[in-house]
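Student: I'd like to learn how to read the holes in a protein and the molecule that fits inside one. Can you walk me through an example?

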Amino acid sequence: MDQLSIIQPDDWHLHLRDDEALKTTVPAAARGFGRGIIMPNLTPPTTTVARAAAYRERILAQRPKNSNWQPLMVLYLTDNTSPDEIRAAKECGFIYGCKYYPAGATTNSDSGVTDLNKLHEVLETMQEVGMVLQLHGEVTSDDTDIFDREAVFIERHLRSLVQHYPRLNIIFEHITTQQAVDFVLSGGDNIAATITPQHLLYNRNHMLVGGIRPHLFCLPILKRDIHQQALIAAATSGNKKFFLGTDSAPHIQGRKESACGCAGCFSHHAAIELYAEVFDQAGALDKLEVFASKNGPDFYSLPYSSHSILLKREPWQLPMAVAFDNSQLIPLAAGTTLNWKLSL
Ligand code: NCD
Ligand code: ZN
């Protein structure tokens, strides 16, 4: 097979940043995709409907001419989010989910939630009005090893959360472990997960053997090989609970190549092709469409795109760097050769 036509995919988890950065990130996010779930971890975070509306306008101002791409906005939950804000978010028509960051878990999460119990009324309201909860599923306790933070989150918080709110639609974001795959598989139809290209393509050896590669550092951190294999199996299975979410998260080169480097990988220079590479290697290209273009809309009760995209088997070399925010960033898999290319 030398070409593959699929329904236009969507990206159910991405970071665009703001202001000058949008000049790079918005056209990149629209490359091949129909819709994108826009993460709200700005400084200050997108905690209100009014902030989300203003951010959406700044994003749309950078959308390429003739592009049909749509930003789907997200509200950032804090200890002080009110049930009224959730209702307003549901009614506004452009907010598609609320994001739970444990305070301090990752980039710009300082205003995140300190204790899930503080969100009781908010979660009840989300369940009642049918608002999706997008979870950064890691504990932040100092005594928990960074490689265990996702698995511990499941046992310490997620099982009881699902029991308390049995009708709440929950997306376990950017899953990285066999335990997360098993948890999602054992849950009802209201529990799903997104999977990133970096967690499918790499394990922690790629990041740490033979020298430290800061451009592979993201959160949740890459795990060992058996977890990578579990994620590949889940993504390529066709199961409706797993869908595409790149977590493309740009940082300028200097912020990553640093004594205390930032977490996040930028993948929108070649997002759908990076996934195609994984599916091809797994002998599962026939499952790419359901993962990239159908399972996400089904979970969010949205229609599939009426457009399609064409991927061609055509070796091409990824750029070494991408201009970004008056500087540059090093994209995921920089300089490597991919076998599939989006036909634009
Ligand atoms: C993200 C970022 O840079 O905003 N970083 C990351 O490593 N994934 C935040 C996040 O999604 O955790
Ligand atoms: Zn993210």
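**Reading cavities, a ligand and some odd backbone spots**

Tutor: Let's start with a lining, sorted by class: around the second largest cavity there are four nonpolar residues, three polar ones and one charged one. Keep in mind that this is a predicted model.

Student: Which residues line the second largest cavity?

Tutor: They are His 215, His 251, Lys 256, Gly 264, Cys 265, Phe 266, Leu 329 and Ile 330. The space they surround has a volume of about 40 Å³.

Student: How many cavities of 30 Å³ or more are there?

Tutor: The count comes to three. The idea is that a probe fits inside a cavity but cannot get out. Here the largest cavity has a volume of about 120 Å³.

Student: And which residues lie nearest the centre of the largest cavity?

Tutor: His 15, Thr 106, Leu 219, Asp 247 and Ala 249 do, out of 18 lining residues. By class, that lining has six nonpolar, nine polar and three charged residues.

Student: Where does ligand 1 sit?

Tutor: Ligand 1 sits in that largest cavity. There are 15 residues around ligand 1, and the ones that come nearest are Arg 17, Asn 41, Thr 106, Leu 219 and Asp 247. Sorted by class, this shell has four nonpolar, nine polar and two charged residues.

Student: How do I spot the polar contacts of the ligand?

Tutor: Look for pairs of N or O atoms within 3.5 Å. Try the side chain of Thr 106: one of its N or O atoms is 2.7 Å from an oxygen atom of ligand 1. For Asp 247, a side-chain N or O atom is 2.7 Å from a nitrogen atom of the ligand. The backbone can take part too: a backbone N or O atom of Ala 263 lies 3.1 Å from an oxygen atom of ligand 1.

Student: How much of ligand 1 does the protein bury?

Tutor: Taken alone, ligand 1 exposes 310 Å², and the protein buries 100% of that.

Student: What about the largest pocket, what is its volume?

Tutor: A pocket, unlike a cavity, is an open set of points. The largest one here has a volume of about 440 Å³. Its lining is made of 22 residues, with Arg 17, Thr 107, Asn 108, His 251 and Arg 255 nearest the centre. Ten of the lining residues are nonpolar, six are polar and six are charged.

Student: Arg 17 has come up before. What is the phi of Arg 17?

Tutor: Its phi is positive, about 60 degrees, although Arg 17 is not a glycine. You'll find Arg 17 in the loop between strand S2 (11-14) and helix H1 (22-29).

Student: Now peptide bonds. Is the one from Leu 219 to Pro 220 cis or trans?

Tutor: To read it, check omega. The bond from Leu 219 to Pro 220 is cis, with omega near -5 degrees. Pro 220 is in the loop between helix H8 (204-208) and helix H9 (225-235).

Student: And the peptide bond from Thr 43 to Pro 44, cis or trans?

Tutor: That one is cis, with omega near -5 degrees. Look for Pro 44 in the loop between strand S3 (35-38) and helix H2 (49-60).

Notes
Residues are numbered from 1 along each chain as its sequence is written. Chains are lettered from A and ligands numbered from 1 in the order in which they are written. This is a predicted model: local features need pLDDT of at least 70, side-chain atom pairs count only at pLDDT 80 or more; totals for chains, interfaces and linings use all residues. Side-chain values use heavy atoms; hydrogens and water are left out. On a 1 Å grid over the protein atoms alone, a cavity is a set of points where a 1.4 Å probe fits but cannot get out, and a pocket is an open set with protein on both sides within 12 Å along at least five of seven lines; lining residues have an atom within 4 Å of a point. Grid points are joined across faces, edges and corners, and a volume is the space filled by probe spheres set on the points. Ala, Val, Leu, Ile, Met, Phe, Trp, Tyr, Cys and Pro count as nonpolar, Asp, Glu, Lys and Arg as charged, and the others, Gly among them, as polar. A residue is near a molecule or strand if one of its heavy atoms lies within 4 Å of it. A polar contact is a pair of N or O atoms within 3.5 Å; within protein, one must be able to donate a hydrogen and the other to accept it, and residues adjacent in sequence count only if both atoms are side-chain atoms. Accessible areas come from the Shrake-Rupley method with a 1.4 Å probe; for residues, only the protein chains shown count as cover. A molecule sits in a cavity or pocket if more than half of its atoms lie within 2 Å of its grid points. Helices (H or I, at least four residues) and strands (E, at least two) are DSSP runs, numbered from the N terminus.
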